[in-house]
Amino acid sequence: FNIAARVDFGTRTNIELSGEGWSSIIKLTANTDTQLLGSSGACARIVIQNLALDGNRSNQSAGTTRQAIRFTSSSAQDIRM
């Protein structure tokens, strides 16, 4: 799956993002310069499993955060990968 913006869990709870192994790839499109997955809200009980993440680093701007997953709220809890 090619994405052009971060998959943002927001304040959602009880989410499972599950693939079918290494052939399930979430790839960031060129010049997007953001994380693949994350939240700045108080999300909870998030499960991420059985997939690969590709940040497409060589096609992003230099100096960006370059983080595949980023949860910035201290209220985010029960995140399992």
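In the predicted model, the largest nonpolar core comprises 10 residues, namely Ile-3, Phe-9, Ile-26, Leu-28, Leu-36, Leu-37, Cys-43, Ile-46, Ile-48 and Leu-51. Two or more residues of this core are supplied by each of the elements β4 (25-28) and β6 (44-49). Such an arrangement may be read against a general background: nonpolar side chains tend to be buried together in soluble globular proteins.

The contribution of β4 is reflected in its two faces. Ile-26 and Leu-28 form the covered face of this strand, and both residues belong to the largest nonpolar core. Ile-25 and Lys-27, by contrast, make up the uncovered face of β4. Strand β4 is paired with β1 (residues 2-3) in the parallel sense, over 2 bridges. Within this pairing, Asn-2 has Lys-27 of β4 as its bridge partner. A further parallel pairing, over 3 bridges, links β4 to β7. Lys-27 recurs here, its bridge partner in β7 being Asp-54. Lys-27 is thus bridged to Asn-2 and to Asp-54, while lying on the uncovered face of β4.

The other contributor, β6, takes part in an open sheet of 3 strands, ordered β3-β6-β9 and paired in parallel. The edges of this sheet are occupied by β3 (13-18) and β9 (77-80); each has a single partner strand, so one side of each is left without a neighbour in the sheet. Neighbouring strands are turned against each other by 5° on average, direction ignored. The parallel pairing of β6 with β9 extends over 3 bridges, and Val-47 has Arg-80 of β9 as its bridge partner. Arg-80 is also touched by Ile-46, a member of the largest nonpolar core. Beyond residues up to four places away in sequence, the contacts of Ile-46 are Phe-9, Arg-12, Ile-15, Asp-78, Ile-79 and Arg-80. Among these, Phe-9 is likewise a core residue.

Ala-68 is situated in the loop between β7 (52-54) and β8 (69-71). With a relative accessible area of 34%, Ala-68 is partly exposed; a nonpolar core admits buried residues, for which the limit is under 20%. When residues up to four places away in sequence are not counted, Ala-68 touches Gln-35, Leu-36, Leu-37 and Leu-53. Of these contacts, Leu-36 and Leu-37 are members of the largest nonpolar core. Ala-68 is also separated from Thr-34 by 34 residues in sequence, with a C-alpha to C-alpha distance of 8.3 Å.

Definitions and conventions. Residues numbered from 1 in each chain as written. Predicted model: local features only at pLDDT ≥ 70, side-chain atom pairs only at ≥ 80, totals over all residues. Heavy atoms only, no water. Helix = DSSP H or I, 4+ residues; strand = E, 2+ residues; numbered from the N terminus. Buried < 20%, exposed > 50% of the residue type's maximum accessible area, 1.4 Å probe, protein only. Contact = heavy atoms within 4.5 Å. Core = buried A, V, L, I, M, F, W, Y, C linked by side-chain atoms within 4.5 Å. Pairing = 2+ DSSP bridges. Axes fitted to C-alpha atoms, helices over the stretch in contact; angles between N-to-C directions.
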